[in-house]
Amino acid sequence: MDTDNRMFIDEVNFKKPNKKYKVAATVSKEILQQQRDTEFDNPVKLSVLLTLTNNDEDIIRAMIDSILNQSYANYEVSILDVTDKAHAYLGNICKEITDERFKYTKLKKNYTAFEILKEQKKYINGEYCVFMECSDILMPNAFYECVKAINEKNAEFVYSDNGLYDVRVSNIIGYNIKPDYSLYNLEFTNYIRSFSVVETRIFMVLLESGELGKELSKDDITSILSAISSEVVHIRKPLYNRKRFSKKVNPKKVDFVTQTPLISVIMLNKDNSTGLKSTIEGLKAANYNNFEVLIVEAETTDINTVRYYKELSEDEELNVRFFRWKKEYIYSKMLNYAVGKANGQYVIIVEPTLEFGEGWLKNMLYYATQDDVALVAPALYDKKGNAIDKNVAFTKNVSRVSLECAIVDKNVLAEVLADETMDYVQYSQLISDKIIELGYQNIITTKSIVTKKSTLYKKVSKGTPLEYDAFCEDYY
């Protein structure tokens, strides 16, 4: 167990607020007192930048109390009020704060996230800025842990795990245990979200550079700040509780691929002419011409599949090669065999049951061509529109992804293949882990949408063995 997680267990106690909800994390009085007594070599001042929006009174009061109860005291708080008239009482609550570290300002017009940041610039006196939502409830050690990371790891940007509450701040419904920092993974989902700390120098450079546009959201700004920081530290402890919300990902259409390497599309197939045909049509529609298709055929008994094979072999638009697999249908063995036959710089493993979203291949290829990336997987959905890997963004090993429709650097893939008997789930995990061990990243991008229609094959239409044998003689 790593040091951070060991410290988490030592310092954090859990209590259950009621039977319906999960345990809530607390920090012992003894630990908090030790933190108050700690003298850092670099006791930086934190400038907390808060935007007061329409919310429940108890949430705002809990948020304010969570700041006042911090074990690290060298901070200031700027509150910019953008609430409507119906929530004017929230501003009155902030005005009641007697602590001189708090400054309150009522903004008189509607501001964008960018314009609010410009306003908050006037109130920054600390060496580091704290970004948080007015609905974030901080753990009492939140500021201390961030300053500790600044002192021990020279952190320029800090984020942490968090709890989730529903309706009332005491109703803890779960925890977001986030992955370590990867800008590519932020493309899948902004898992940093809400509470984060960034060096003021970096924030000021960004504000003054003109790179922030009025159309940018808070999530976009967080991603930019982390990207231009040279040392990003993930604190593997829940330092705040965030209000639950739901936000559907809307992928952006992009077309920024400048390289067009040969891609080998590997398809393992048996008795599935309908799914195969749909998938091939999707490949043709990808608007990418430099690819070959390798079909590893596992003794098909469906005559419609055989006839479609013959149709494909006569298609002048496609570079299709067929390979007959006479042994037992074992995913890992068949994939190893196909990779050995591939000529492409990259390999895509495609199951013949998929539908592709617009721009899916070019979006994946953009990330695949980055020097530190070996595998890129799409956002995979089932036929009902549910995300198949919906929890992957909040697991420690976020880079353990499915090989299904993933694009992989062929040289790296060849290095990590194993002589094992595994299904595609087991083999995906093994290959993902080995890629990470080699120092590469595995990426999931929501800019590439792929829908898995079904894993079931249609009822086969049996023909004569002679027709299948004739095809094999001609094309294998």
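Me: What comes right after helix 15, and what is its phi?

Reply: Most residues other than glycine have a negative phi. Here, in this predicted model, helix 15 is followed by Gly439, with a positive phi near 95°.

Me: Which residues break that habit without being glycine?

Reply: Asn154 is one, with a positive phi of about 55°. Cys405 is another non-glycine residue with a positive phi, about 65° in its case.

Me: Where do those two sit, and are they buried or exposed?

Reply: Asn154 is in the loop between helix 6 and strand 8 (157–166), and it is exposed, with a relative accessible area of 59%. Cys405 belongs to the loop between strand 17 and strand 18; its relative accessible area is 0%, so Cys405 counts as buried.

Me: Back to helix 15. How do I read its start and its length?

Reply: At the start, look at Asp423: one of its side-chain oxygens comes to within 2.8 Å of the backbone nitrogen of Gln426. For length, compare the span with what 1.5 Å a residue would give. Helix 15 covers residues 424–437, 14 residues in all, and runs 20 Å from first C-alpha to last, close to the expected 20 Å. Try the check on helix 3 (residues 57–68) too: its 12 residues should span 16 Å, and the end C-alpha atoms lie 17 Å apart, which agrees.

Me: Which residues of helix 15 are buried, and why do they end up on the same side?

Reply: An α-helix has 3.6 residues a turn, so residues three or four places apart point the same way. In helix 15 the buried ones are Tyr427, Ser428, Ile431, Ser432 and Ile435. They lie on the same side of helix 15 because they cover an arc of only 130° around the axis.

Me: What does that buried set pack against?

Reply: Quite a list: helix 12 (331–341), strand 17 (373–382), strand 18 (407–409), helix 14 (410–416) and strand 19 (441–452).

Me: Can you show me a residue from a loop that touches helix 15?

Reply: Try Val401, in the loop between strand 17 and strand 18. Val401 is buried, at 5% relative accessible area. Setting aside residues up to four places away in sequence, Val401 touches Leu375, Ala377, Ser428, Ser432, Asn442 and Ile444. Ser428 and Ser432 are among the buried residues of helix 15. Val401 is also 6.8 Å from Gln429, C-alpha to C-alpha, though 28 residues separate the pair in sequence.

Me: How many residues does the largest nonpolar core have, and which have the most contacts inside it?

Reply: In soluble globular proteins, nonpolar side chains tend to be buried together. The largest nonpolar core here has 44 residues, and Leu46, Leu50, Met63, Ile67, Phe143 and Phe195 have the most contacts inside it. Helix 6 (residues 142–153) gives this core its largest share, 7 residues. Apart from it lies another core of 35 residues, including Met267, Ala286, Tyr309 and Ala368.

Me: What does Leu46 contact beyond its sequence neighbours?

Reply: Leaving out residues within four places in sequence, its contacts include Tyr72, Tyr128, Phe143, Val147 and Val197.

Me: And helix 3, which of its residues are buried?

Reply: Ile59, Ile60, Ala62, Met63, Ile64, Ser66 and Ile67.

Me: How does the whole protein look in numbers?

Reply: Its secondary structure comes to 16 helices and 19 strands. Of its 476 residues, 53% are buried. Among contacts between residues at least 6 apart in sequence, 83% join residues at least 24 apart. The protein exposes about 22,900 Å², with carbon and sulfur atoms supplying 47% of it.

Key: Residues numbered from 1 in each chain as written. Predicted model: local features only at pLDDT ≥ 70, side-chain atom pairs only at ≥ 80, totals over all residues. Heavy atoms only, no water. Helix = DSSP H or I, 4+ residues; strand = E, 2+ residues; numbered from the N terminus. Expected span 1.5 Å × (residues − 1). Buried < 20%, exposed > 50% of the residue type's maximum accessible area, 1.4 Å probe, protein only. Arc of directions from axis to C-beta. Contact = heavy atoms within 4.5 Å. Polar contact = N/O pair within 3.5 Å; in protein donor to acceptor, adjacent residues only side chain to side chain. Core = buried A, V, L, I, M, F, W, Y, C linked by side-chain atoms within 4.5 Å. Areas by Shrake-Rupley, 256 points an atom, 1.4 Å probe, with all protein chains shown as cover.
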